[in-house]
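Please open the model in a viewer and display the backbone as a cartoon. The tour below proposes one selection after another and states what each one shows.

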Amino acid sequence: MFVCVCYGITDKQIQEAVSDEGVGNIRDLKIHLGVGAQCGSCVELARQIIDEKICDEHLFKDVG
Ligand code: FES
């Protein structure tokens, strides 16, 4: 699903940026993918995806 229509960024790309690039907030995400740098309407959803992914990563580490 597209999260940032202006830059054509999907939720999967955001999740990968969190797990592979260590992105932890919107500022980092903007630097890596440009998300939110145009109209800004994607920022809230992108923030939720980052937070959910960070929670998943922590759960995964606890199990492993
Ligand atoms: S939808 Fe992301 S900047 Fe416009």
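Select Asp11, which lies in helix 1 of this predicted model. Asp11 counts as partly exposed because 17 C-beta neighbours lie inside 10 Å, whereas a buried residue needs 20 or more. Now display its contacts beyond four places in sequence: Asp11 is in contact with Met1, Val3 and Ile49. For a distance label, choose the C-alpha atoms of Asp11 and Leu45, which are separated by 9.1 Å. Along the chain these two residues are 34 residues apart.

**The whole chain**

Zoom out and colour by secondary structure. The chain has three helices and two strands, and from the N terminus on these elements run β-β-α-α-α. The radius of gyration is 12 Å, close to the 11 Å given by the globule rule for 64 residues, so the chain is as compact as a globular protein of that length. A box drawn around the C-alpha atoms along the principal axes would have dimensions of roughly 40 × 20 × 15 Å. Of the 64 residues, 23% count as buried. Among the contacts with a separation of 6 or more, 50% are accounted for by residues 24 or more positions apart.

**Helix 1 against helix 2**

Next, select helix 1 and helix 2 together. At what angle do their axes cross? The crossing is at roughly 105°, and the axes come within 11 Å. The two helices are therefore roughly perpendicular to each other. Show side chains for the residues that make the contact: Gln13, Ile14, Ala17 and Glu21 on helix 1, with Leu29, His32 and Leu33 on helix 2. Sorted by class, this contact has four nonpolar, two polar and one charged residues.

**The loop between them**

Move to Val23, in the loop between helix 1 and helix 2. Is this residue buried or exposed? Val23 is buried, because 23 other C-beta atoms lie within 10 Å and the cut-off for burial is 20 or more. Not counting residues up to four places away in sequence, Val23 touches Ala17, Val18, Asp28, Leu29, His32 and Ile50. A second label may be placed between the C-alpha atoms of Val23 and Ile9: these residues are 14 residues apart in sequence and 15 Å apart in space.

**The nonpolar core**

Hide the previous labels and turn to the interior. In soluble globular proteins, nonpolar side chains tend to be buried together. Here the largest nonpolar core has 14 residues, of which Val3, Ile14, Leu29, Val35, Ala46 and Ile50 touch the most other members. At least two residues of this core come from each of strand 1 (2-4), helix 1 (11-21), helix 2 (26-33) and helix 3 (43-63).

Centre the view on Val35. Which residues surround it, leaving aside neighbours within four places in sequence? Val35 is in contact with Val3, Cys4, Tyr7, Ile9, Ile14, Leu29, Lys30, Cys42 and Ala46.

**Lys30 and Glu52**

From Val35, step to Lys30, whose place is in helix 2. Besides Val35, Lys30 touches Gly36 and Ala37, not counting residues up to four places away in sequence. Lys30 counts as partly exposed, because 17 C-beta neighbours lie inside 10 Å. The C-alpha atoms of Lys30 and Val43 are separated by 9.5 Å, and the two residues are 13 residues apart along the chain.

The last selection is Glu52, in helix 3. With 14 C-beta neighbours inside 10 Å, Glu52 counts as partly exposed. Label the distance between the C-alpha atoms of Glu52 and Gln15: these atoms are separated by 8.9 Å, although the residues are 37 residues apart along the chain.

Notes
Residues numbered from 1 in each chain as written. Predicted model: local features only at pLDDT ≥ 70, side-chain atom pairs only at ≥ 80, totals over all residues. Core = buried A, V, L, I, M, F, W, Y, C linked by C-beta atoms within 7 Å. Buried ≥ 20, exposed ≤ 12 C-beta atoms within 10 Å, placed from the backbone. Helix = DSSP H or I, 4+ residues; strand = E, 2+ residues; numbered from the N terminus. Contact = placed C-beta atoms within 7 Å. Rg over C-alpha atoms; globule rule 2.2 N^0.38 Å. Axes fitted to C-alpha atoms, helices over the stretch in contact; angles between N-to-C directions. Parallel < 35°, antiparallel > 145°, perpendicular 65-115°, else oblique. Nonpolar A, V, L, I, M, F, W, Y, C, P; charged D, E, K, R; others polar.
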